[in-house]
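Thanks for coming. I will go through one structure today, from the inside to the surface, and then stop for discussion.

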Amino acid sequence: MLTAAGGVAWLKFQPGKDREPEPGEVMVLEPVQLNLAAGRYLRIGIALQLAEGIKEVDGSQALDATITRFSGLPLSAVDDAKERDQLKAALTDELTRLYPDQVLDSYFVEFVTQ
């Protein structure tokens, strides 16, 4: 019985096991222009914070998620800082789900409305 408990403790406390990935490269994606509500436009560029050791990912899913999340929104939703922060948090959650253990965060590198 003592041996089994010791084995479980050893597995639980292995260095590097179950620790958060460290940030690595930042991958900037090409900006996209999309339609907002009422004939308005948004040009948005994002960058992905990759996990250490990841050099790049296929950005097509990230761009698709960005377009889906922001298309058709009213200008007021993207101009309001609090709402924009909520949209970015939801986008980041989706990106970390789409790219598990590869993408840690996202950043806006371009954000222009018209």
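**Inside, then outside**

Thr66 is buried, because its relative accessible area is 1%, and the cut-off for buried is under 20%. Please keep in mind that what you see is a predicted model. Thr66 sits in helix 2, which covers residues 60-70. What does Thr66 contact, once its neighbours within four places in sequence are left aside? The partners are Leu34, Ile44, Ile46 and Leu91.

Let me step back to the whole chain. The protein has four helices and four strands. Reading from the N terminus, the order of elements is α-β-β-β-α-α-α-β. There are 114 residues in the protein, and 27% of them are buried. If we take the contacts with a separation of 6 or more, 66% of them are between residues 24 or more positions apart. The exposed area comes to about 7400 Å², and 52% of that is supplied by carbon and sulfur atoms.

A second buried position is Ala51. Its place is in strand 3, residues 41-51. The relative accessible area of Ala51 is 2%, so Ala51 counts as buried. What covers this alanine? With residues up to four places away in sequence not counted, Ala51 touches Pro21, Glu22, Pro23 and Gly24, and also Asp101, Gln102 and Leu104. One distance to note here is the one to Glu25: 26 residues separate Ala51 and Glu25 in sequence, while their C-alpha atoms are 7.1 Å apart in space.

Now the charged pairs. Side chains of opposite charge can pair when their charged atoms come close. How many salt bridges does a search of the whole structure find? The search finds four, and I will describe three of them.

Start with Arg43 and Glu110, whose side chains meet in a salt bridge at 2.6 Å, N to O. This pair links distant parts of the chain, with Arg43 in strand 3, Glu110 in strand 4, and the two positions 67 residues apart. Are these two side chains buried, exposed or partly exposed? Arg43 has a relative accessible area of 35%, so Arg43 is partly exposed. Glu110 has 24%, so Glu110 is partly exposed as well.

Next comes Glu94, which forms a salt bridge with Arg69; the closest N and O atoms are 2.9 Å apart. Glu94 lies in helix 4, residues 81-98, and Arg69 lies in helix 2, so this salt bridge ties together parts that are 25 residues apart in sequence. Glu94 counts as partly exposed because its relative accessibility is 22%. Arg69, with a relative accessible area of 28%, is partly exposed.

Glu94 has another partner. Arg97 forms a salt bridge with Glu94, and here the closest N and O atoms are 3.9 Å apart. Both residues of this pair lie in helix 4, three residues apart, which is about one turn of the helix. Arg97 is exposed, because its relative accessible area is 57% and the cut-off for exposed is over 50%. Through shared partners, these salt bridges join Arg69, Glu94 and Arg97 into one network.

That leaves two patches on the surface, one charged and one nonpolar. Which residues gather in the patch of negative charge? They are Asp79, Asp80, Glu83 and Asp85. Asp79 is in helix 3, which covers residues 75-79. At 43% relative accessibility, Asp79 counts as partly exposed, because that value falls between the 20% and 50% cut-offs.

The nonpolar patch is made by Val26, Val28, Tyr107 and Val109, and has an area of about 340 Å². Where does this patch come from in the chain? Strand 1, residues 23-28, and strand 4, residues 103-113, each supply at least two of its residues. Val109 is in strand 4. Its relative accessibility is 49%, so Val109 counts as partly exposed.

To recap: Thr66 and Ala51 are buried, Arg69, Glu94 and Arg97 share a salt-bridge network, and the surface carries a negative patch that includes Asp79 and a nonpolar patch that includes Val109. That is all I have.

Methods. Residues are numbered from 1 along each chain as its sequence is written. This is a predicted model: local features need pLDDT of at least 70, side-chain atom pairs count only at pLDDT 80 or more; totals for chains, interfaces and linings use all residues. Side-chain values use heavy atoms; hydrogens and water are left out. Patches are made of residues with over 30% relative accessible area and no salt bridge: like charges are joined within 9 Å, nonpolar side chains (Val, Leu, Ile, Met, Phe, Trp, Tyr) within 5 Å. Accessible areas come from the Shrake-Rupley method with a 1.4 Å probe; for residues, only the protein chains shown count as cover. Lys and Arg count as positive and Asp and Glu as negative; His and the chain ends are not counted. The place of a charge is taken as NZ of Lys, CZ of Arg, CG of Asp or CD of Glu. Buried means under 20% relative accessible area, exposed over 50%, partly exposed in between (1.4 Å probe, protein chains only). Contact means heavy atoms within 4.5 Å.
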